[in-house]
Amino acid sequence: MASASATATLLKPTPLPQHKLIITASVSPSLPPPRRNNLLRRDLLSLSAASTLLLTQSLPFLAPSPASAAEDEEYVKDTSAVISKVRTTLSMERTDPNVADAVAELREVSNSWVAKYRKEKALLGKASFRDIYSALNAVSGHYVSFGPTAPIPAKRKARILEEMETAEKALSRGR
């Protein structure tokens with residue numbers, strides 16, 4: 001029997017050819033050379049337009065006009081009236097015969113307050129508006145769902161009164 005003998009051959013890797021990366025850049029002759037020290041007319045116009053826009057947008061915040069000051073006073077007065085109405089309605093006993101009428105009056109007052117001030121973009125960011133809106137939403141949602149004579153649960157009532165308190169503090173600080 002013939003034996004097959006295998007000889008081990010050592011394979012050597014062949015080196016890969018080296019490629020040189022050549023990057024070329026060309027400048028199109030149709031482009032004007034860049035100006036570094038001179039402002040272009042369009043740059044000046046865009047800067048002046050941006051600064052004018054910025055100034056006109058920030059002026060109402062710097063000095064409130066007499067009309068907005070009167071609107072702020074009206075907002076404070078209306079919001080304080082709503083807060084007191086919510087407190088008196090929530091403090092009524094459920095056996096009181098006037099509860100249903102007080103709830104109906106509260107819903108009218110709160111709906112008119114929301115309709116009047118929800119569209120005012122200047123008030124949307126105020127803490128007093130946010131807290132009153134949230135409390136009115138909770139009160140109104142409760143009475144719509146459970147009826148005008150249903151008592152508000154203690155946890156919800158505590159949260160509503162707490163929101164009223166923080167709204168009053170924010171209102172007194174002009175927020």
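**Side-chain contacts, ring pairs and a pocket in the predicted model**

Thr79 is in contact with Trp113, Ile132 and Leu171, residues up to four places away in sequence being left out of the count. The structure described here is a predicted model. Thr79 belongs to helix α2, and its relative accessible area is 1%. Because buried residues are those under 20% relative accessible area, Thr79 falls in the buried class. One of the contact partners of Thr79, Trp113, is likewise buried.

Trp113 also takes part in the aromatic pairs of the model. The count of such pairs comes to 5. One of them joins Tyr75 and Tyr117 in an edge-to-face arrangement, with 5.2 Å from centre to centre and 80 degrees between the planes. This pair connects distant parts of the chain, as Tyr75 is located in helix α2 and Tyr117 in helix α3, 42 residues apart. Tyr75 and Tyr117 are both buried. A further pair is made by Trp113 and Tyr117, whose ring centres are 5.7 Å apart and whose planes enclose 55 degrees. The pair of Trp113 and Tyr117 is classed as tilted, because edge-to-face applies to planes over 60 degrees apart and stacked to planes under 30 degrees apart. Trp113 and Tyr117 are separated by about one helical turn, because they stand 4 residues apart in helix α3. Both Trp113 and Tyr117 are buried. Through ring pairs, Tyr75, Trp113, Tyr117, Phe129 and Tyr133 are linked into a cluster.

Charged side chains were examined next. Side chains of opposite charge can pair when their charged atoms come close. Over the whole structure, 6 salt bridges are found. In one of them, the side chains of Lys116 and Glu74 meet at an N to O distance of 2.3 Å. Lys116 lies in helix α3 (residues 99-117) and Glu74 in helix α2 (residues 66-91), so that distant parts of the chain, 42 residues apart, are linked by the pair. Lys116 is partly exposed, at 33% relative accessibility, and Glu74 is also partly exposed, with a relative accessible area of 35%. Together with Asp78, Glu74 and Lys116 form a network of salt bridges.

Helices α2 and α3 are joined by another salt bridge, that of Glu105 and Lys85. The N to O distance in the salt bridge of Glu105 and Lys85 is 3.2 Å. Here Glu105 is in helix α3 and Lys85 in helix α2, 20 residues apart, and the pair again links distant parts of the chain. The two partners fall into separate accessibility classes: Glu105 is partly exposed at 43% relative accessibility, whereas Lys85 is buried, with a relative accessible area of 17%. Lys85 receives this assignment because its value is under the limit of 20% for buried residues.

The salt bridge of Arg159 and Glu163, with an N to O distance of 3.1 Å, is contained in one helix. Arg159 and Glu163 both belong to helix α5 (residues 154-172), where they are 4 residues apart, about one turn of the helix. Arg159 is partly exposed, with a relative accessible area of 38%, while Glu163 is buried, with a relative accessible area of 14%.

The analysis of empty space concerned the second largest pocket. Rolling a probe the size of a water molecule over the atoms shows where empty space is left. The volume of the second largest pocket is about 170 Å³. Its lining consists of 13 residues, and those nearest the centre of the pocket are Leu90, Met92, Arg94, Pro151 and Ile152. By residue class, the lining of the second largest pocket divides into 8 nonpolar, 2 polar and 3 charged residues.

Ile152, one of the residues nearest the pocket centre, is located in the loop between α4 (127-146) and α5. Ile152 is buried, at 11% relative accessibility. The C-alpha atoms of Ile152 and Arg94 are separated by 9.6 Å, with these positions 58 residues apart along the chain given as their distance in sequence. When residues up to four places away in sequence are not counted, Ile152 touches Leu90, His142, Tyr143 and Lys157. Of these partners, Leu90 is also among the residues nearest the centre of the second largest pocket.

Technical notes. Residues are numbered from 1 along each chain as its sequence is written. This is a predicted model: local features need pLDDT of at least 70, side-chain atom pairs count only at pLDDT 80 or more; totals for chains, interfaces and linings use all residues. Side-chain values use heavy atoms; hydrogens and water are left out. A salt bridge is a side-chain nitrogen of Lys or Arg within 4 Å of a carboxyl oxygen of Asp or Glu. Helices (H or I, at least four residues) and strands (E, at least two) are DSSP runs, numbered from the N terminus. Buried means under 20% relative accessible area, exposed over 50%, partly exposed in between (1.4 Å probe, protein chains only). Rings of Phe, Tyr and Trp (its six-membered ring) pair if their centres lie within 6.5 Å; planes under 30 degrees apart count as stacked, over 60 as edge-to-face and the rest as tilted. Contact means heavy atoms within 4.5 Å. On a 1 Å grid over the protein atoms alone, a cavity is a set of points where a 1.4 Å probe fits but cannot get out, and a pocket is an open set with protein on both sides within 12 Å along at least five of seven lines; lining residues have an atom within 4 Å of a point. Grid points are joined across faces, edges and corners, and a volume is the space filled by probe spheres set on the points. Ala, Val, Leu, Ile, Met, Phe, Trp, Tyr, Cys and Pro count as nonpolar, Asp, Glu, Lys and Arg as charged, and the others, Gly among them, as polar.
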